[in-house]
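Biologist: Before we discuss any labels, may I ask you to place the model in front of us?

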Amino acid sequence: VNTFKDKPVVCWLYGNYANTAAKLEESGKVGVFPSCERAVNALARLREYAEFLEREALSPSSGFSQEL
């Protein structure tokens, strides 16, 4: 985990590793998911959010403007 401090880390543990999963979650550095698919989906959503933030940063006017 320390090698990739700026990257998201997720895991899926196969079998009965409840204690290990709890320790990983408590560390606040690793997302633990009940299935491989859920872990992959979480990474996909993080990438979509990063792309959204990049677009917002490049946009001339960030935020919403309302004219009354």
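**Reasons behind the labels**

Modeller: Let us begin with Glu51, which has a relative accessible area of 33% and is therefore partly exposed. The model is a predicted one.

Biologist: What makes 33% count as partly exposed for Glu51?

Modeller: Buried requires under 20% and exposed requires over 50%. The 33% of Glu51 lies in between, so Glu51 is partly exposed.

Biologist: What makes the contact of Arg47 and Glu51 a salt bridge?

Modeller: The definition asks for a nitrogen of Lys or Arg within 4 Å of a carboxyl oxygen of Asp or Glu. For the side chains of Arg47 and Glu51 the N to O distance is 3.4 Å, so the pair is a salt bridge. Both residues lie in helix H2, four residues apart, about one turn of the helix.

Biologist: Which residues are joined with Arg47 into one network?

Modeller: Glu54 also forms a salt bridge with Arg47, with the closest N and O atoms 3.8 Å apart. Salt bridges that share partners thus join Arg47, Glu51 and Glu54 into one network.

Biologist: How do you know that Glu48 and Arg45 form a salt bridge?

Modeller: Their closest N and O atoms are 3.0 Å apart, and the limit is 4 Å. Glu48 and Arg45 are separated by about one helical turn because they are three residues apart in helix H2.

Biologist: How many aromatic pairs are counted?

Modeller: The count comes to two aromatic pairs. In one of them, the ring centres of Trp12 and Tyr14 are 5.9 Å apart and the planes stand at 65°.

Biologist: Why is the pair of Trp12 and Tyr14 called edge-to-face?

Modeller: Centres must lie within 6.5 Å, and planes over 60 degrees apart count as edge-to-face. The values 5.9 Å and 65° satisfy both conditions, so the pair of Trp12 and Tyr14 is edge-to-face.

Biologist: Why is the pair of Tyr49 and Phe52 called stacked?

Modeller: The rings of Tyr49 and Phe52 are 6.4 Å apart, centre to centre, with 25° between the planes. Planes under 30 degrees apart count as stacked, so this pair receives that name.

Biologist: Is Tyr14 buried or exposed, and what of Trp12?

Modeller: Tyr14 has 68% relative accessibility, and exposed means over 50%, so Tyr14 is exposed. Trp12, at 38%, counts as partly exposed.

Methods
Residues are numbered from 1 along each chain as its sequence is written. This is a predicted model: local features need pLDDT of at least 70, side-chain atom pairs count only at pLDDT 80 or more; totals for chains, interfaces and linings use all residues. Side-chain values use heavy atoms; hydrogens and water are left out. Rings of Phe, Tyr and Trp (its six-membered ring) pair if their centres lie within 6.5 Å; planes under 30 degrees apart count as stacked, over 60 as edge-to-face and the rest as tilted. Buried means under 20% relative accessible area, exposed over 50%, partly exposed in between (1.4 Å probe, protein chains only). Helices (H or I, at least four residues) and strands (E, at least two) are DSSP runs, numbered from the N terminus.
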